[in-house]
Amino acid sequence: MAGLLILRLLLLFLLQCLTHLQAEIAHTPLASNRIRLEPEPEPEPDSEETHVLPASCPQRMAYEKMLNSIDDVEDLYVDVPVHIALEQRQKKRFVLKLNNSTPLMILFSMPVARKIYYNQTANLLRLPAQAKGPASDRLVLPCALRGQYDLFVRARQGGALKLEAQAKHPDQSWPLLNHTHRIAIRTQNRVRKRQLIVKWERSKLDYHAMHYCLVIQRVVDFSSSSSGGGFDSFCEAVYAYGRQQQAHSRAAAGPCSGAGNILDLVWSRPPMRARHLNPRHNLHIVCTGARTKQLLRGLQPNSNYRLQLFGVHQRRQNLTLPLASSQVHFNRTHPTSLREQALSLLKIGGLHGVQVYSFKVPATTPPPRFMRYLLLPCAGSEIRVELLRQHRVVGSVRNIYLPTYRKLEGVLPGERYLMRFEPSNEDEALRAQKVRLALSSERLFRDLPELPDNITVFDVSTRCTSTTIAWHGSPDERALSYCVIVFNLPQRSSADYTNYCMDFGASRITEHKNFKYIRCREKQPSNVDKLETETILSLSPGDSYLIYVTANLSMGKPLPYQTLTVHMGSQCVDLESQEQPEYY
């Protein structure tokens with residue numbers, strides 16, 4: 001009997017052990033017990049997700065070490081205060097789960113030692129994202145991402161502790177946040193180099209303390225996203241960026257490539273002048289510090305990008321606020337269109353020193369048979385111009401260094417031409433920065449006088465205190481006048497101070513620091529040689545002067561002839577040194 005009883009007890013014990021073993025096997029995840037040949041599907045954005053990292057991760061080991069030393073756990077909810085009595089050096093663990101990314105502030109009623117882990121890995125008190133608050137009774141996270149937070153506290157003295165988590169920033173009631181604050185984002189495409197230059201204005205809200213973070217998002221449907229989209233807060237952008245990084249780095253990264261490094265991806269990277277964007281990713285975050293310009297590389301041609309600019313206030317515990325947003329179609333750079341009968345100021349210096357502009361032949365009645373254009377290199381530097389139609393060169397002009405007319409025959413209404421400007425050589429690249437250009441399909445420019453073929457100003461005779469100059473008269477039959485403008489040149493200077501693009505109005509000329517005098521008169525009646533002459537008196541012996549002659553219509557803008565530089569003699573006879581009247 002005794003042996004049978006022992007056998008029954010033994011069978012009962014074996015049966016209980018087998019049942020317990022089956023229960024353990026049933027609760028063990030299958031993913032950790034077999035090799036998967038296919039990548040695991042990503043969780044839905046709104047689903048509850050857990051991040052389980054291998055035990056070899058040092059960050060995970062630090063969390064488990066803290067976990068093993070504390071058995072007392074209590075749940076923590078947003079805006080629900082917790083009251084608890086603690087003895088001296090007593091430890092306590094609080095678990096907070098956030099469903100949305102938001103700023104987080106945790107208030108303590110008494111001083112305690114604390115550590116907080118995000119998703120069981122990242123010690124947030126060691127990251128740059130942690131804001132240094134002015135008081136020790138609060139813990140501020142400017143961006144608390146969606147997930148689980150484990151807060152470990154240890155009482156420094158016995159007493160009652162009141163703990164409360166609030167989903168807000170302590171400075172969110174800052175009065176300046178309600179002010180109207182407009183910042184424009186400017187972009188420049190460099191499609192051939194796959195580069196995008198982004199510039200913006202400084203924030204008017206404590207611009208000395210404001211840093212900037214740029215969120216770049218590649219969008220598929222540009223038309224549907226033009227009316228809205230984007231991220232409502234910087235925290236949401238950081239969370240989406242972290243999820244993207246995890247999804248693309250699970251297979252190739254090490255054992256610690258989990259949620260513990262999400263905040264390091266944004267806050268721990270130093271600002272750089274240029275940042276390369278991963279072409280496999282659709283979302284990028286670039287923090288530029290206090291700089292208001294960023295060069296982005298690696299963009300995809302024929303793609304649409306949404307740019308969002310956020311400010312990070314360094315003196316208000318990293319308070320983040322949206323500043324501006326813009327949308328960019330990263331395609332080939334469209335040349336600037338030129339208007340007919342307008343004297344435009346164009347920039348030459350650009351990518352590789354080449355700048356392209358376009359103009360369209362107007363559809364008029366009768367249709368135009370030609371196009372005239374007037375070129376004025378601003379600094380008198382040599383440039384060359386090419387005319388292109390359907391990517392073929394149809395005209396080329398080289399070594400232009402003074403006001404020049406050109407005529408293009410055989411144009412058709414509606415045709416579009418490109419004008420490509422560039423310096424003649426590398427030596428002229430520094431001086432050849434701007435040029436004035438006017439286009440017309442008529443015989444004369446409406447608001448500009450007509451200059452002769454030879455626009456040289458001749459030095460007829462120069463003495464110690466006077467000089468006589470001459471120039472060819474304008475063939476323009478409209479009412480015309482000439483102005484002679486004289487500037488003093490610095491002594492012992494070989495620099496060329498020519499500027500054909502200056503404002504030749506009398507009120508502006510007289511304000512120039514080197515202005516000597518100006519004299520205007522009407523055009524003389526037609527004569528045989530069609531030469532105009534002028535004698536300039538009351539000049540100083542030994543000085544040098546820069547002389548402009550401009551042709552002026554009664555209504556319109558003046559055009560300059562080629563400049564003339566004269567050097568006065570230093571040894572004068574008594575007859576020439578007598579006082580002579582000066583013209584104003």
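Begin by selecting C213 and C287, which are joined by a disulfide with an S to S distance of 2.1 Å. The torsion about their S-S bond is about 100°, so this disulfide is right-handed. Now colour the two strands that hold the pair: C213 belongs to strand 12 (residues 210-219) and C287 to strand 14 (residues 283-289), so the bond ties together parts of the chain that are 74 residues apart in sequence. C213 counts as buried, because its relative accessibility is 3% and the limit for a buried residue is under 20%. C287 is also buried, with a relative accessible area of 14%. As you go on, keep in mind that what you have open is a predicted model.

**The other disulfides**

The count of disulfides comes to four, and two more of them are visited here. Select C143 and C235, which form a disulfide with their sulfur atoms 2.4 Å apart. The torsion about the S-S bond of C143 and C235 is about -90°, so that disulfide is left-handed. This pair links distant parts of the chain, since C143 sits in strand 7 (residues 138-144) and C235 in helix 4, 92 residues apart. If you show the surface, you can check that C143 is buried at a relative accessible area of 6%, and that C235 is buried at 2%.

Next, select C483 and C520, whose sulfur atoms lie 1.9 Å apart in a disulfide. With a torsion of about 105° about the S-S bond, the disulfide of C483 and C520 is right-handed. It connects strand 29 (residues 480-488), where C483 is found, with strand 30 (residues 515-522), which holds C520, and the two cysteines are 37 residues apart. Are C483 and C520 buried or partly exposed? C483 is buried, with a relative accessible area of 9%, whereas C520 is partly exposed, with 45%.

**The nonpolar cores**

Now select I106, F108, Y149, F234 and I285, which touch the most other members of the largest nonpolar core, a set of 42 residues. Helix 4 (residues 234-249) gives the most to this core, with six residues. In soluble globular proteins, nonpolar side chains tend to be buried together. To see the surroundings of one member, centre the view on Y149: leaving aside neighbours within four places in sequence, its contacts include F94, V95, L96, L98, I116, Y117 and Y118, and also L124, L141 and A144. Apart from this core lies another one, of 31 residues, and you can find it by selecting L374, L451, V457 and L539, which are among its members.

**A buried glutamine**

Which strand holds Q294? Select Q294 and you will find it in strand 15 (residues 293-297). Q294 counts as buried, at 0% relative accessibility. A polar atom of its side chain lies 3.2 Å from the backbone oxygen of M272, and the side chain of Q294 also reaches the backbone oxygen of R273 at 3.2 Å. Not counting residues up to four places away in sequence, Q294 touches several others, including L196, I197, V198, W200, A274, R275, V286 and T288.

**A hairpin and an open sheet**

Move on to strand 16 (residues 303-313) and strand 17 (residues 319-330), which pair in the antiparallel sense over eleven bridges. Within this pairing, select G311 and look across to L321, its bridge partner in strand 17. The hairpin made by strand 16 and strand 17 has five residues between the strands, and there Q317 takes a positive phi near 55°.

Then display the open sheet of five strands, whose order is 18-20-25-22-23 and whose pairing is mixed. Its edge strands are strand 18 (336-337) and strand 23 (392-400), each of which pairs on one side only. Strand 18 pairs with strand 20 (residues 355-360) in the parallel sense over two bridges, and here you can select T336, which stands opposite Y357 in strand 20.

**The whole protein**

Finally, zoom out to the full chain and colour it by secondary structure, which shows six helices and 34 strands. Of the 584 residues in the protein, 44% count as buried. The protein exposes about 32,700 Å², of which carbon and sulfur atoms supply 50%. Among contacts with a separation of 6 or more, residues 24 or more positions apart account for 74%.

Methods. Residues numbered from 1 in each chain as written. Predicted model: local features only at pLDDT ≥ 70, side-chain atom pairs only at ≥ 80, totals over all residues. Heavy atoms only, no water. Core = buried A, V, L, I, M, F, W, Y, C linked by side-chain atoms within 4.5 Å. Buried < 20%, exposed > 50% of the residue type's maximum accessible area, 1.4 Å probe, protein only. Helix = DSSP H or I, 4+ residues; strand = E, 2+ residues; numbered from the N terminus. Contact = heavy atoms within 4.5 Å. Disulfide = S-S within 2.5 Å. Areas by Shrake-Rupley, 256 points an atom, 1.4 Å probe, with all protein chains shown as cover. Pairing = 2+ DSSP bridges. Polar contact = N/O pair within 3.5 Å; in protein donor to acceptor, adjacent residues only side chain to side chain.
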